[in-house]
Amino acid sequence: EGYVLTHKFDQMSKERPLLEVISVFNDLCLLIKEKRSKEALTAMVKDLIEVFGTDFSVLAQLLPNIEAISPQLDQANCQKDNGNQMNLRSVCFTLQRFMRVVSSSSHPVMLFLDDLQWCDKAALTVIQGILCDVTGSSCLFFVGSYRSNEVQSDHALFSLIDSLRFSDVPTTKLSLEGLNPTDLNAMVSDAMCMFPRICEPLSDIVFQKTKGNPFFVLEFLRSLVDGGLLEYSVRKRRWVWDEDCISSMDITGNVLCLLSSKMSGLFENTQLALKVAACFGIKMKESVIQYLSANSEYSDIRSGLEDVVVEGFMIKVGKSDFKFVHDKVREAAYSLIPNNEKKKYHYKLGMSLYSMSKGVDLDDIIFSIADQINHGMDELSASSAELRLCLSELNESAGTKAAYCSDYVTAHSYFSLSLKLLPTDYWKSHYVQSLRLCFLLAKSAYACGYVEKAQTILQEILGECCCLEDKLPAYSLLVTILNAREEGVHAYTTCEEVLSQLGETIPKLLEPKETANVILSTSKLIQNTTDTDLLEMKEMDENLSIYLKFYSVMATVAFFAKPKMFPFLVCRMVELTMKHGICKYSVMGFVMYAAVLCGKSSTSKDIKFASYIGKAAITCLKKRFQAAVQVPKVYFSYYGYVAFHTEPLQLCAQMLRQGFDAGMSIGESGTAFFNSIHHIKTALIAGENLPTLLDRADYYLDLADQYKNELTKTYLCIFRETISTLIDKGETTSSKNNPKYTITENSIKPANSSEAKQFHRAFQAFWLGHSERCHHFIGRMLEMNSVAGTSRLSDVVITFLHGLNCFQMLKKQNTSKLRLIPQDAINALKTFNSNSQWNFRNKVHLLEAELFSFRGKHEEAKASYAAAISSAQCSRFIHEQGLACELAGFHYKKMGDHEGARGLFSQARQCYSEWGSQTKMDSIARELETL
């Protein structure tokens with residue numbers, strides 16, 4: 001059983017089609033609740049929570065009716081997070097994820113949108129995003145209709161059609177022309193119960209007048225009946241007509257002429273109802289009718305609408321709403337208002353609603369009031385300053401509601417108009433309102449993608465504000481924009497300037513000894529802090545929390561651009577929190593401090609404490625703040641740089657993927673893509689199925705290409721090359737045929753990605769058995785410094801591979817320098833193993849097994865190989881289980897036990913098969929042939 005969603009756009013609501021599209025998907029929630037069983041709803045809720053995780057509040061903000069699906073969605077999951085600011089892309093991404101869960105081949109969704117000529121680019125972009133979902137996992141059938149004679153060649157609709165074709169979405173375009181003479185005669189014949197040959201003369205005349213337009217035909221026939229030119233003859237027992245009079249009728253070829261002519265003959269009260277209803281679009285809501293009825297001029301509006309229903313121009317929807325039977329009927333009703341009076345008519349209606357609704361909650365009709373008044377904006381020129389101020393506040397309220405509903409395009413329009421309604425000296429005459437309104441306008445502009453405009457408005461705010469306190473929100477948004485535009489250094493210096501004005505002292509550079517002292521003093525400050533302490537810690541004053549916001553941005557930039565400053569900035573965040581209380585930005589401070597501690601200390605005690613404080617901070621984020629806006633950054637920092645020390649790698653990969661989803665859902669695409677890079681890297685190291693991982697990497701690459709994030713593309717292309725090589729050396733998975741999956745030497749940015757490339761070259765060389773190449777690239781990588789002094793999973797992997805690879809190198813050149821490397825690797829891995837046997841125990845066993853084998857301790861080698869195979873299997877590292885079997889096979893072969901070697905090589909081939917590596921399977925097959 002599927003779901004059918006329908007919506008009709010109209011000319012009067014063309015300012016907010018995105019809001020209407022979101023509303024359609026919001027209604028889908030109610031439809032699902034109505035049609036699905038209790039058991040099915042329970043399963044769906046479980047899937048939704050699993051997919052959205054910590055950013056479920058984002059879905060609840062976008063689709064409030066999601067809470068109606070099941071009582072299992074408690075307030076904790078659905079709580080709105082005021083810190084979330086979605087944009088058009090994040091709306092698309094959130095709806096994509098929602099549709100993947102709620103639609104399927106057994107429960108498809110059909111979406112029919114009528115009159116797309118009144119739809120704008122923003123709304124069509126959302127539809128395109130859902131239909132072009134690169135995962136292809138939703139089941140949506142879309143039908144859209146538009147009038148080809150009412151769209152220009154540059155309409156966004158044609159971009160949608162082109163995008164669907166470019167994305168290989170199956171599309172069918174149907175052109176519905178008028179009925180041809182034969183079909184029209186058949187319709188008339190059927191309607192009048194007469195033989196076609198008899199009514200053919202009438203049909204020919206009707207075709208000449210209407211060009212076969214079905215709706216026009218029906219209305220024309222009705223007009224003939226009303227005019228007595230077509231009537232039923234009781235004597236002849238059939239319909240008769242006056243061909244000469246009908247032929248001589250002068251009509252414009254437009255159905256509006258017929259309809260408006262008929263409407264003009266109605267009672268005055270009925271005509272008034274038609275004109276009023278037409279001003280509100282295809283549908284008139286009960287709430288609007290209720291407020292209008294309170295005005296003496298429109299007191300009979302309800303009875304007039306009832307008369308319109310009797311006349312057949314409108315129908316009742318539900319109990320109290322009224323809807324035109326056809327958009328052409330609405331156009332005809334609207335034409336009853338002279339063109340030169342339309343704006344005035346709208347303005348008068350809007351002001352009537354505004355006056356009748358003063359002092360009450362306008363939430364239900366605020367758009368209707370604002371739109372009517374705004375249509376007649378020219379009438380405001382002579383209005384009093386007091387009224388213009390009131391209407392400015394009205395538009396501000398409408399914009400605020402649109403923004404709350406995640407339609408920042410509509411919000412931007414309302415905020416812009418609100419600002420225009422203020423006096424030209426608004427900063428002097430209405431300072432508080434101007435400050436608030438300009439900031440809202442800048443936020444909405446940024447969410448719409450009008451970045452330059454947003455920055456211009458923010459600079460205006462910074463130039464006009466009287467004090468630093470008033471400037472802080474503008475500075476905060478400005479550094480967010482600068483960071484998103486990859487202008488990190490500018491963001492850093494801006495934060496530094498603001499914090500200096502706030503009284504903070506930030507050194508230009510710290511010596512290593514000073515950094516160590518800062519880290520040590522911070523450790524002492526929080527050494528006894530527990531997760532309960534964080535949950536119960538007093539709330540930081542809002543004026544102070546802005547300090548941490550700026551420090552958070554600085555630390556994020558410093559992580560890559562100024563690594564020597566990173567520890568100081570993080571420690572300062574922790575210090576301020578411990579002194580003044582906790583806020584949502586404190587969580588990021590604690591997690592980044594944990595990353596610093598892991599990088600600066602190798603003791604098991606410090607690593608465990610770092611992991612503990614990081615997990616405690618995440619628990620605090622979930623239970624206390626529920627700030628989805630912090631999730632992408634926190635997950636990136638903790639699961640990318642801390643958790644691998646103590647948490648299973650598979651969990652780290654899963655949470656990094658959640659961090660990506662959370663970032664995309666709230667418009668934090670930059671941080672989201674950082675999560676995607678770490679997700680692919682961690683999943684690769686954890687031994688995830690390679691073809692599955694390749695699909696995910698391609699998904700990320702497609703999105704990075706759409707977002708024009710070149711840095712992410714560079715990293716992911718490097719990863720893709722490695723995955724493809726491991727699968728089949730690129731024979732069937734090569735990126736050569738797809739430019740967006742290919743990088744050149746010139747596209748590599750040494751400061752950002754050259755180290756990653758050395759890692760992947762070493763990684764590939766190891767698995768391909770090229771020991772000398774592997775040794776070379778590992779050496780190149782070890783010469784490079786770690787980012788911001790943090791510990792990284794890739795460093796641990798290189799240590800492991802370096803140790804194993806050296807045993808192959810020792811067969812060619814047995815030097816004392818090479819002999820030291822495996823033992824150093826074992827010692828290092830044992831330290832990591834003390835914190836996570838899940839991640840590192842098998843690696844220690846395998847290094848020891850190789851060392852025993854090299855030293856000729858065969859029995860000890862057998863035991864260690866067996867332990868390495870068993871522990872890799874327990875930790876679900878299928879690739880390293882295969883590697884242990886392979887190396888054990890070589891050991892048995894060296895010992896002359898070919899039967900044992902054959903069994904181990906066969907096990908290795910099975911493991912590599914499960915990993916998805918045809919490259920390694922072929923390598924093992926060649927070894928088996930030698931036995």
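These are my notebook entries on the cavities of a predicted model and on two of its residues.

**Entry: cavities**

I looked up the enclosed spaces and found four cavities of 30 Å³ or more in the structure. The largest cavity holds about 130 Å³ of space. I noted the second largest at a volume of about 70 Å³.

**Entry: largest cavity**

I asked which residues lie nearest the centre of the largest cavity. They are T556, F559, M588, F636 and S637, out of 14 residues in the lining. I then looked for the elements that give two or more residues to this lining, and listed α28 (542–561), α30 (584–600), α32 (631–641) and α34 (669–685). By class, I recorded ten nonpolar residues in the lining of the largest cavity, along with three polar and one charged.

**Entry: second largest cavity**

I wrote down the lining of the second largest cavity as L684, I685, F763, W767, V797, F800, L801, H879, E880 and L883. Two or more of the lining residues come from each of α34, α37 (750–768), α39 (793–810) and α43 (878–894). Helix α34 is thus listed for the second largest cavity and also for the largest. Sorting the lining of the second largest cavity by class, I got eight nonpolar residues, one polar and one charged.

**Entry: S416**

I turned to S416 and placed it in helix α20, which covers residues 408–420. Is S416 buried or exposed? Its relative accessible area is 16%, so I entered S416 as buried, the cut-off for that word being under 20%. I checked its contacts, leaving aside neighbours within four places in sequence, and found L441 and K453.

**Entry: L230**

I placed L230 in strand β4, residues 230–233. I entered L230 as buried because its relative accessible area is 4%. With neighbours within four places in sequence left aside, I asked which residues L230 is in contact with. The list I wrote down is M192, L202, L221, L224, V225, W239, V240 and W241. I also looked up the separation of L230 from A901, which stands 671 residues away along the chain. Their C-alpha atoms are 98 Å apart.

**Entry: recap**

For the linings, I keep ten nonpolar residues for the largest cavity and eight for the second largest. For the two residues, I keep S416 as buried in α20 and L230 as buried in β4.

Methods: Residues are numbered from 1 along each chain as its sequence is written. This is a predicted model: local features need pLDDT of at least 70, side-chain atom pairs count only at pLDDT 80 or more; totals for chains, interfaces and linings use all residues. Side-chain values use heavy atoms; hydrogens and water are left out. On a 1 Å grid over the protein atoms alone, a cavity is a set of points where a 1.4 Å probe fits but cannot get out, and a pocket is an open set with protein on both sides within 12 Å along at least five of seven lines; lining residues have an atom within 4 Å of a point. Grid points are joined across faces, edges and corners, and a volume is the space filled by probe spheres set on the points. Helices (H or I, at least four residues) and strands (E, at least two) are DSSP runs, numbered from the N terminus. Ala, Val, Leu, Ile, Met, Phe, Trp, Tyr, Cys and Pro count as nonpolar, Asp, Glu, Lys and Arg as charged, and the others, Gly among them, as polar. Buried means under 20% relative accessible area, exposed over 50%, partly exposed in between (1.4 Å probe, protein chains only). Contact means heavy atoms within 4.5 Å.
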